[in-house]
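Here are some short exercises to work through with the model open beside you. Try each task before you read its solution.

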Amino acid sequence: MSNKRTHRRRILVASAAGLVLLLGVGSYATASAANPWRDRGGRGAERPTPVQTTTPAATAAADTEVTLPPANGQFDYQIGGAYTPVAAVKIVDRDREAKPASGKYNICYVNAFQTQPSEADFWTGSHDDLLLKTADGDYVEDSEWGEFLLDTSTEAKRKALAAVVGEWIDGCAAAGFDAVEPDNLDTYTRSDDLLSKDDNVAFAALLAERAHDAGLAIAQKNTAELDQSDAKAAGFDFAIAEECQVWKECDAYTDIYGDQVYEIEYTDNGQAAYTKACASQGKEISVILRDRKVVPSGKSAYRYQSC
């Protein structure tokens, strides 16, 4: 399992004046009931009491309420291994195979646009036709992480992929998570033009529908190239942004999601970006500093700070 870095994305998005959408703690409703995948240990935390609000993904009619993460709530990114967060933390992000943190708002990490290295055999076996390939039939790989890209280029493949990833999303709901973080939305930027932004936005919309049906909010992960129209089409509710201070793109997220952006800066970039992020937007959004491998507390490489 790996955290995905924004340093490979150097396309910056200009802030769109007048598109700021301020969000508060709360929920909105979507149609359909939850469809649990399997029981993975019961609920780890009680969901906060929903409060009605509006998000880019809000729909008109609804039966299922989706709870949003606390606006500017202290965040902890634990996808490299679960551990007990400090008491002040309100929001915890963990891998889909981990249990939710008791008493916190829990986000479930799902590698939704690429393959986890440990799951390569699963994909190259029964789902080989859903992996992106070159004209020569070679898998298109994110070589930095040793992960194959999923092929979102046609409606049929997007639906087939959503059936697979959708079971994982249902599993997050059954385990007691409150939201899902589908990673690698930006695969189209490293697909040698075999995928487009529209392909991935369309796939994200299927994942958002599945998440909302299961009672989960859904995050836009990185991908500052998306504008408000893209975010609305995809159905995202909030954003998780890695290194947006380093790449000067934090406004691309706050212009859409207001104070429901959760920013992660990394220690291997030095302290300056984190310090500047705290000064620039630390009072408006949650900003944390983590070690690059996001290892559990107790490990020598562990680092965690919050503005």
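**Exercise 1.** This is a predicted model. At which residue does H2 bend, and by about how many degrees?

*Solution.* Start with the bend: H2 turns by about 30° at Val-164. Next, check the length of the helix. H2 covers residues 155-175, and its 21 residues should span 30 Å at 1.5 Å a residue; the end C-alpha atoms lie 29 Å apart, so the two values agree. Finally, look just past the helix, where Gly-176 has a positive phi of about 110°.

**Exercise 2.** Work out the strand order of the open sheet and find its edge strands.

*Solution.* First, trace the nine strands: E3-E4-E5-E8-E9-E10-E11-E12-E13, with mixed pairing. Then look for strands that pair on one side only: these are E3 (75-77) and E13 (304-306). Now zoom in on one pairing: E5 (residues 105-111) and E8 (residues 179-183) run parallel over five bridges. Within it, Tyr-109 has Glu-181 in E8 as its bridge partner.

**Exercise 3.** Classify the aromatic pair of Trp-123 and Trp-168, and decide whether each residue is buried or exposed.

*Solution.* Begin with the geometry: the ring centres are 6.2 Å apart and the planes meet at 90°, an edge-to-face pair. Next, place the partners: Trp-123 sits in helix H1 (residues 120-125) and Trp-168 in helix H2, 45 residues apart, so the pair links distant parts of the chain. Last, apply the cut-off for buried, under 20% relative accessible area. Trp-123, at 0% relative accessibility, is therefore buried, and Trp-168, at 9%, counts as buried too.

Methods:
Residues numbered from 1 in each chain as written. Predicted model: local features only at pLDDT ≥ 70, side-chain atom pairs only at ≥ 80, totals over all residues. Heavy atoms only, no water. Helix = DSSP H or I, 4+ residues; strand = E, 2+ residues; numbered from the N terminus. Expected span 1.5 Å × (residues − 1). Bend = angle between axes of the 7 residues up to and from the residue. Pairing = 2+ DSSP bridges. Phe/Tyr/Trp six-rings, centres within 6.5 Å; stacked < 30°, edge-to-face > 60°. Buried < 20%, exposed > 50% of the residue type's maximum accessible area, 1.4 Å probe, protein only.
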